[in-house]
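Dear colleague,

Here is the structure I wanted to pass on to you, with my notes following it. Please read them alongside the coordinates.

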Amino acid sequence: MSADCIFCKIVSGAIPAKKIYEDDDVIAFNDIKPMAKIHFMIVPKLHVESLKDCDVTHQALLGKMLLLVPKLAQEQGLAGFKTLINTGREGGQEVFHLHIHVFGGGLPSANT
Ligand code: AMP
Ligand code: ZN
């Protein structure tokens with residue numbers, strides 16, 4: 001838990017999110033600014049800043065997160081999807097708590 005981290009606050013329930021999945025290790029919720037009709041994020045409950053801050057101790061967690069991608073995408077009705085992990089400021093990361101973006105279903109209705 002990092003006190004000023006927005007995703008830690010979502011994990012703790014301090015700020016709301018549209019959760020689509022939760023277990024002991026991971027939560028998934030819809031992105032507040034969707035870039036596709038379906039756009040959710042898979043987030044570890046453990047505060048890890050980014051993929052480059054992971055090591056072998058995070059291997060099982062990373063595997064679990066990756067295997068959740070097709071499972072949750074299917075539950076959201078997606079036959080196919082894109083995934084994205086922005087890493088570091090130069091990699092476009094804005095929230096410094098590791099997350100996998102999952103996109104599918106085309107552009108959001110607001111943009112079509
Ligand atoms: P990234 O650029 O990969 O760090 O992506 C951060 C993502 O978090 C952006 O797509 C934001 O729209 C999203 N985001 C930020 N705050 C929230 C929030 N409170 N609930 C849901 N998504 C959020
Ligand atoms: Zn955090």
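**The ligand and its surroundings**

At least two residues of the shell around ligand 1 are supplied by each of helix H1 (6–12) and strand S2 (26–30), where helices (H or I, at least four residues) and strands (E, at least two) are DSSP runs numbered from the N terminus. This is a predicted model, in which local features need pLDDT of at least 70 and side-chain atom pairs count only at pLDDT 80 or more, while totals for chains, interfaces and linings use all residues. Residues are numbered from 1 along each chain as its sequence is written, chains are lettered from A and ligands numbered from 1 in the order in which they are written, and side-chain values use heavy atoms, with hydrogens and water left out.

H1 gives the largest share of that shell, three residues. Sixteen residues are not listed here one by one, but of the 16 around ligand 1, those that come nearest are Asp31, Glu94, Val95, His99 and His101 (a residue is near a molecule if one of its heavy atoms lies within 4 Å of it). By type, the shell residues divide into seven nonpolar, six polar and three charged, with Ala, Val, Leu, Ile, Met, Phe, Trp, Tyr, Cys and Pro counted as nonpolar, Asp, Glu, Lys and Arg as charged, and the others, Gly among them, as polar.

Oxygen atoms of ligand 1 lie 2.7 Å from a polar backbone atom of Glu94, 2.8 Å from a backbone N or O atom of Val95, and 2.7 Å from an N or O atom in the side chain of His99. Taken alone, ligand 1 exposes 500 Å², of which the protein buries 87% (Shrake-Rupley areas with a 1.4 Å probe).

**Two residues of the loop between S4 and S5**

Gln93 is found in the loop between strand S4 (82–84) and strand S5 (100–104), and it counts as buried because its relative accessibility is 3% (buried means under 20% relative accessible area, with a 1.4 Å probe and protein chains only). A polar atom of the Gln93 side chain lies 2.8 Å from the backbone nitrogen of Gly88, and the Gln93 side chain also reaches the backbone oxygen of Val95 at 2.9 Å.

His97 is found in the loop between S4 and S5 too, and with 0% relative accessibility His97 counts as buried. The side chains of His97 and His47 are joined by a polar contact of 3.3 Å, that is, a pair of N or O atoms within 3.5 Å, one able to donate a hydrogen and the other to accept it.

With best wishes

Notes. Buried means under 20% relative accessible area, exposed over 50%, partly exposed in between (1.4 Å probe, protein chains only).
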